[in-house]
Structure formats: C-alpha cells, structure tokens
Amino acid sequence: MRNLMVTGGAGFIGSNFTRYMLEKYPDYTVLVYDKLTYAGNLDNLKDVAARFGDRYAFVQGDICDAATVREAIRAYDVDTIVNFAAESHVDRSIMNPDAFIKTDVYGTYVLLEATRELGLERMHQVSTDEVYGHVPEGASKETDPVAPRSPYAASKASADLMVNAYHITYGLPVTITRGANNIGPYQYPEKVVPLFVTNALDDQPLPLYGDGEQVRDYQYVLDHCEAIDLVLHKGEIGEIYNVGTGTEMRNIDMTRLVLKLLGKPESLIQPVRDRPGHDRRYALDVTKIRALGWEPGHTCEEAIEKTVRWYVENEWWWRPIKSGERYREYYRRQYAGREIT
Ligand code: NAD
Ligand code: DAU
C-alpha cells in the first residue's frame, strides 16, 4: 500500500485525509480523483499541492465513469482506493435523491469493479453511522442490521451492502468505516456546525430544526482520518469499524456552545420546521476500533472549539462560498419560510 487514490478528495473529509496521509507517510503518493461538484473545492488542497507537488496529483473525474476511473488507476499505478466520493448532505437528498443513487450506489459499484479487474490491494469504503437509522437507546454495533431512513442514508447503506457482497462473492479485499458527524476545517457551510458558526459571525439567524433535542456525536475530522489510516493498515479484511467519540450532544447544546465561543447572543437561535424523517439520535459502539488501538483525540466540545476557531481565522475560505449565487439559491430553497414563530 503506497499509491492511494482518494476519491472525493477535494471535499471536506477527503482533503483532510489527503493532507494527513501525505504528512504522515513520506513514501506514499496520493491521487485525488474528484468530480468537483458544488462540494468539491480545490482551495481545500491548495497547501497540499504546494507542499507535496511530487507525491500529490489531481484528476477531475466522476466515480461513475468506469473508463476514466481505470485510466487514472493505471496512469498513477494506484494500489489502494479510499472512497470518500459521495453526495453527503441529508437535506439535499430529501430535495433530490437522484445524484445520491448515482454517485453513492452506482459509483461505489464502479470502484468495486475496478478493484476487482485491476487486482488492487484494497478498496476502503467511508461510510456513516446514518446507515443504522434512528437509535432510540443503546449504541449501534457493526453487526446490527442497517435501517436507513433518508435517501442519503439508504444510498450509503446500499453501497455498504454491495461492498460486503463483493468481499463474500469475489473475495475482494475491502474494509468499511462508519463515522459519526465530522467537524473541522474545510467543511462546506451547509452542514450544521459551519453553517451556524458562519451565520453567527454575520449576526444571522441559526436555523435550528424542530426542538433541537436531536442527538449527534460531533467528532474532529482528523480523529476520523486517523481511524481510517489505522483500519487501512491494521484492520481486518472484510470487516466494518464504527468511528466516533462514543459520546453524545444535543443540537441545542452544540448551538449554545457555538454562540458562547463567539460571544454572540442566544436570540440568534431561530427554530425552524423540522427535517422530514429526522433521525433523532445516532449512537455508535466504538469498542471494535478502540481494540485496534485508536482513541478519539478530542471530545465533542474540543472539536467544536477548534472548528469555531478555524472558521474565525479562515474567512478567505468560506466567504466566497457563502456569497456565491449557487449557495444563496440553495439557502433560499432550504430555509425560506421555514421559521416557527
Ligand atoms: P463532501 O460533500 O464535503 O465531499 C464529497 C466530495 O465528493 C466532493 O469533493 C465532491 O466533489 C466529490 N464527489 C461527489 N460526487 C462525485 C462523483 N460522482 N465522482 C467523484 N467525486 C464526487 O463530503 P464529506 O463530508 O467530506 O464526506 C465524505 C465521505 O464521508 C462521504 O462518503 C460521506 O458519506 C462520509 N461521511 C461523512 C461524514 C460527515 O460528517 N461529513 C460522516 C461519516 C461519513
Ligand atoms: O452522522 C454522520 C453524517 O453526519 C454524515 O454521514 C453526513 O454526510 C453528514 O452530513 C452528517 O449528517 P447530519 O444530517 O447529521 O448532519 P447535518 O450537519 O446536516 O445536521 C446535523 C444535525 O443538525 C441534525 O440533527 C440536523 C440539525 N440541523 C442541520 C442543519 C443543516 C439543524 O438543526 N439545522 C440545520 O440548518
């Protein structure tokens, strides 16, 4: 394992993972293969291109395009695929599921086929705790059945099932990680934490869905990257590993913490109509990844604090996104007239 293809590497977690791996392994190369959808952004990799020019390459391509995927694998002598490429936002999957089925399901199949035909060493699938669905009590184990409830979660669960099927049927060397909510640098400001931080910085309302009692496990993105690295090197082929802090936080508490860290008033909180089918709670049992030797480096609170600081210090990154017509149009569609008064 030396030459990685990081699909979706121009997005949030993929760009953090690319930087992390190039810093950690001086003899590795990384090819970022990314379609550059609205969420893909070469600004996320600006420093990477400058620092690791000889070991880093970028190809713009769709994971659904089998010919271009194979061409890139051959051209860069790729031995391992780490698949981050996906449509990743639940609200967009509710508006329009089409791209989710194409990229998250069919695209994963294309990568599996390429892994099989070209005899790659590993295909790692980056999955999500959302595949387990709403978890009213206890914590999801890797052996629990999937019970996805949004089009996004269903597309990710479908991909997991196909990855597992390729392992069983063809003996493909695969691994899967199922991560809890990531936060940190370069997260597109549609996701709740960067959305709330950047709105608060501009004294704009923070649209909190429903009663704000929903529970998430907000983990720092580099902790998640570390866990994927560990699974790549020490994980068992054919296995699934949950990744999260194993603790929980209510959205209302996350929101209050963001405001407190920024010195902004709670009057900025604007309750809005809830997300349809909103999963009220996710909770992961992380015993298995811990047994491999991984510990989360940050609590949810520490992760939020670091994230807030990054957005305060990096307006150059998020202001152009938020002021662009594409983002503003999405924001209007998603939030206009949704206020609960
Ligand atoms: P993101 O939306 O920030 O990035 C996705 C990237 O994939 C973008 O660069 C986009 O251009 C690219 N992409 C989309 N469709 C593509 C296609 N057809 N071909 C090639 N590239 C394509 O997403 P993220 O938050 O970084 O999530 C990365 C992965 O991690 C996803 O698979 C997601 O399901 C999973 N995940 C995310 C979280 C989270 O909290 N963000 C948690 C657990 C798992
Ligand atoms: O759990 C892992 C998942 O985390 C990943 O698989 C997804 O790719 C990622 O988008 C994220 O999904 P969530 O739906 O949990 O993240 P989001 O940031 O959209 O929402 C987090 C919580 O905040 C959720 O309970 C909904 C709520 N929320 C979200 C938005 C965008 C609000 O209250 N207001 C908002 O405006």
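Q: Let's start with the surface. How much area does the protein chain expose, and what share do carbon and sulfur atoms supply?
A: In this predicted model, the protein chain exposes about 13,900 Å², with carbon and sulfur atoms supplying 51% of that area.

Q: And what about burial: what percentage of the residues is buried?
A: Here "buried" stands for under 20% relative accessible area. By that cut-off, buried residues account for 57% of the 341 in the protein chain.

Q: How many helices and strands should I look for?
A: You'll find 13 helices and 13 strands in the protein chain. Its radius of gyration is 19 Å, close to the 20 Å from the globule rule for 341 residues, so the chain is as compact as a globular protein of that length. Along the principal axes, the C-alpha trace spans about 60 × 45 × 35 Å.

Q: Now a single strand. Which way do the side chains of strand β4 point?
A: The general idea first: side chains in a regular strand alternate between the two faces of the sheet. Strand β4 covers residues 80–83; T80 and V82 point one way, I81 and N83 point the other, and all are buried.

Q: Which strands pair with β4?
A: Strand β1 (residues 3–7) pairs with β4 in the parallel sense, over four bridges. Strand β5 (residues 122–128) also pairs with β4 in the parallel sense, over four bridges.

Q: Which residues can I use to find those pairings on screen?
A: For β1, go to T7, whose bridge partner in β4 is N83. For β5, go to H124, which stands opposite V82.

How values were computed: Residues numbered from 1 in each chain as written. Chains lettered and ligands numbered in written order. Predicted model: local features only at pLDDT ≥ 70, side-chain atom pairs only at ≥ 80, totals over all residues. Heavy atoms only, no water. Helix = DSSP H or I, 4+ residues; strand = E, 2+ residues; numbered from the N terminus. Rg over C-alpha atoms; globule rule 2.2 N^0.38 Å. Buried < 20%, exposed > 50% of the residue type's maximum accessible area, 1.4 Å probe, protein only. Areas by Shrake-Rupley, 256 points an atom, 1.4 Å probe, with all protein chains shown as cover. Pairing = 2+ DSSP bridges.
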